[in-house]
Amino acid sequence: MISFPDQSHLNCVRDALWSRSTGGASLMVGAGFSRNADKSRQDVPDIPIWDDLANSMHGALYPSENESVISHKPPGWSQSESVLRLAQEFEVAFGEQKLFELIKRQIRDDDFIPGDFHTRLLRLPWQDIFTTNWDTLLERTRSSVVQRAYGLVRTMGQIPLYSRPRIIKLHGCLSQHSRLIFTEEDYRTYQLRYSPFVNTVQQAMMETVFCLIGFSGDDPNFLHWSGWVRDNMGESAPRIYLAGWLNLSTHKRRMLEARNVTPIDLSCHPQASEWPDALRHKYSTDWLLTSLELGRPYDISDWPVISKKPEKNPQKHLEPVQRLSSTIPLSESTSEQDLEKQTNDTDSVKRIIKIWSHNRKLYPGWLVIPFSRVHQLSSNTEEWQSKIVASLPDLEAVDKLTAIAELVWRKSTLLEPLHTDIVDPIEKILNSIDCSKETIEGSSVSTVNWPEIRITWVMMAMSLLRNARHEINRSLFDEWLRKLSGFKTDYPEVNHMLQHEMSL
């Protein structure tokens with residue numbers, strides 16, 4: 001399969017996003033992502049970009065000039081600096097209220113509806129979502145996402161009111177008549193005037209993997225925040241990820257990397273040249289979301305349930321999309337595994353024992369199995385108990401030990417006592433195996449894994465010791481206590497378990 005050059009960087013974000021053992025991942029959403037919204041009517045113009053806002057302000061400030069904003073910018077200034085200076089001039093000329101009205105008129109927030117990408121984005125388990133956008137698309141998406149309960153932080157005073165996950169509006173919001181961060185002065189004084197927001201972002205950058213989406217390499221918001229990280233965190237600044245259709249030259253990429261920004265540039269996607277110009281940003285976002293969604297590992301707390309939700313198959317134009325390979329439980333359903341119904345079918349028994357062994361190794365380690373898992377485990381165990389016992393005479397000695405051990409583990413996990421039809425076969429199997437001499441039924445055997453057999457033998461003997469205590473059979477209890485005493489030096493935990501059983 002042809003690979004995507006920045007796949008390893010995307011994997012860093014993906015793995016942190018779904019990790020239970022690390023800090024997780026946080027996201028900052030820029031204006032480019034808002035263009036994934038749906039329009040309420042056909043005649044609604046697209047959400048404006050920086051150039052559109054700049055041209056609108058330029059036209060109001062200099063109505064008699066025909067020159068473009070590009071030609072009007074001061075010599076040596078970037079386009080982003082020119083936009084911020086225009087916003088500053090506009091506010092000085094017409095006032096803060098007029099600037100707010102211009103932004104609201106241009107953004108037309110009420111004419112847009114959160115799209116499918118917004119829903120998919122919020123369904124991912126981000127620790128926090130920061131946004132520099134003024135529109136309300138992200139907060140309006142919350143009602144359609146039942147998997148995650150995002151708190152909404154619009155003002156600095158609301159920061160302590162909500163725990164993660166949160167949607168944090170860093171630059172103001174059109175739904176409130178609050179200050180919108182837009183002018184040159186706003187950006188210059190932001191760190192001082194909005195220090196609680198700055199500190200919150202800093203904390204997220206230090207504690208989580210931090211990713212930006214919806215930004216371009218020359219976006220004023222991106223330049224502001226990435227520059228602040230370098231200025232304030234120095235050599236301790238964590239690496240942040242900038243994802244999307246960036247179309248970076250070699251020199252721009254190296255410049256970003258020197259600033260501790262790792263690009264995930266979808267213009268380098270193997271099929272990027274085939275994507276229509278009008279759809280390349282959409283396809284890039286779709287690829288990013290799909291890759292993150294397919295990175296979800298199996299939730300071990302669902303054991304032994306297998307997710308019924310089918311894996312989403314990405315569209316062909318998005319391939320290659322890397323799937324996460326994770327070990328999941330195998331289905332124990334008789335119908336799904338096409339297992340035979342006969343009670344003496346040893347092949348079917350061997351197959352189910354392999355499945356049970358695989359699933360046992362994935363057991364989450366619950367001291368007591370949750371009630372919601374008891375029925376499924378119990379019904380499948382009961383279905384196979386008599387078949388396993390009936391097939392034991394046809395199995396080799398090691399296979400007998402393995403089969404009965406898997407059955408006993410399930411009975412013990414379910415806190416169920418051993419029935420007589422299980423106890424007798426266990427005694428016969430254990431008596432036929434001499435772990436000290438490494439013999440089976442009196443014959444020396446060197447082709448088996450004796451350390452593993454020894455551990456299994458001890459666990460089975462321990463189950464008989466426990467069963468003898470349940471039955472108040474002191475002589476049988478003492479007999480198995482004597483047989484197990486020889487394993488104390490090999491396995492310290494055996495001595496602990498023996499002391500526990502004697503105390504009980």
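Here are some questions and answers about a predicted model.

Residues are numbered from 1 along each chain as its sequence is written. Local features need pLDDT of at least 70 and side-chain atom pairs count only at pLDDT 80 or more, while totals for chains, interfaces and linings use all residues, and side-chain values use heavy atoms, with hydrogens and water left out.

Q: Is strand β1 (residues 25-29) enclosed or open, and how many of its residues are buried?
A: Strands here are DSSP runs (E, at least two residues), and helices are runs of H or I with at least four, numbered from the N terminus. Buried means under 20% relative accessible area, exposed over 50%, and partly exposed in between, with a 1.4 Å probe and protein chains only. On one side of β1 sit Ala25, Leu27 and Val29, on the other Ser26 and Met28, and all are buried. So β1 is largely enclosed by the rest of the structure, and the buried count is five of the five.

Q: Which residue of β7 is the bridge partner of alanine 25?
A: Two strands pair if DSSP finds at least two bridges between them. Strand β1 and strand β7 (residues 209-213) run parallel, joined by five bridges. In β7, alanine 25 is matched with valine 209.

Q: Which residue of β4 stands opposite leucine 27?
A: β1 also runs parallel to strand β4 (residues 129-131), with three bridges joining them. Across from leucine 27 in β4 you'll find isoleucine 129.

Q: Which residue of β8 stands opposite cysteine 211?
A: Four of the five residues of β7 are buried, so β7 is largely enclosed by the rest of the structure. β7 pairs with β8 in the parallel sense, over four bridges. Facing cysteine 211 in β8 is tyrosine 241.

Q: Which strands stand at the edges of the open sheet β10-β11-β12?
A: Three strands make up this sheet, and their pairing is antiparallel. Two of them have a single partner strand each, so one side of each has no neighbour in the sheet. Those edge strands are β10 (433-434) and β12 (443-444).

Q: What is the bridge partner of isoleucine 433 in β11?
A: β10 and strand β11 (residues 439-440) pair in the antiparallel sense over two bridges. For isoleucine 433, the partner in β11 is isoleucine 440.

Q: How do α18 and α20 lie, roughly parallel or roughly antiparallel?
A: Axes are lines fitted to C-alpha atoms, for helices over the stretch in contact, and angles run from 0 to 180 degrees between N-to-C directions. The axes of helix α18 (residues 450-470) and helix α20 (residues 492-503) come within 11 Å and cross at roughly 5°. Angles under 35 degrees count as roughly parallel, over 145 as roughly antiparallel, 65 to 115 as roughly perpendicular and the rest as oblique. That makes α18 and α20 roughly parallel.

Q: How many nonpolar, polar and charged residues are in the contact of α18 with α20?
A: Contact means heavy atoms within 4.5 Å. From α18 come Val458, Met459, Met462, Leu465, Arg466 and Arg469, and from α20 come Val494, Met497, Leu498 and Glu501. Ala, Val, Leu, Ile, Met, Phe, Trp, Tyr, Cys and Pro count as nonpolar, Asp, Glu, Lys and Arg as charged, and the others, Gly among them, as polar. The split is seven nonpolar, no polar and three charged.

Q: Which helices do the buried residues of α19 pack against?
A: In helix α19 (residues 474-484), Leu476, Phe477, Trp480, Leu481 and Leu484 are buried. They cover an arc of only 140° around the axis (taken from the directions from the helix axis to the C-beta atoms), which puts them on the same side of α19. Arg474, Ser475 and Arg482 are exposed on the other side. The buried residues pack against α17 (420-431), α18 and α20.

Q: What is omega for the cis peptide bond that joins tryptophan 303 and proline 304?
A: Proline 304 is in the loop between α12 (280-293) and α13 (334-337). For this cis bond, omega is about -5°.

Q: What is the relative accessible area of asparagine 247?
A: Asparagine 247 sits in the loop between β8 (240-244) and α11 (250-258). Its phi is near 55°, a positive value in a residue other than glycine. Asparagine 247 is exposed, at 53%.
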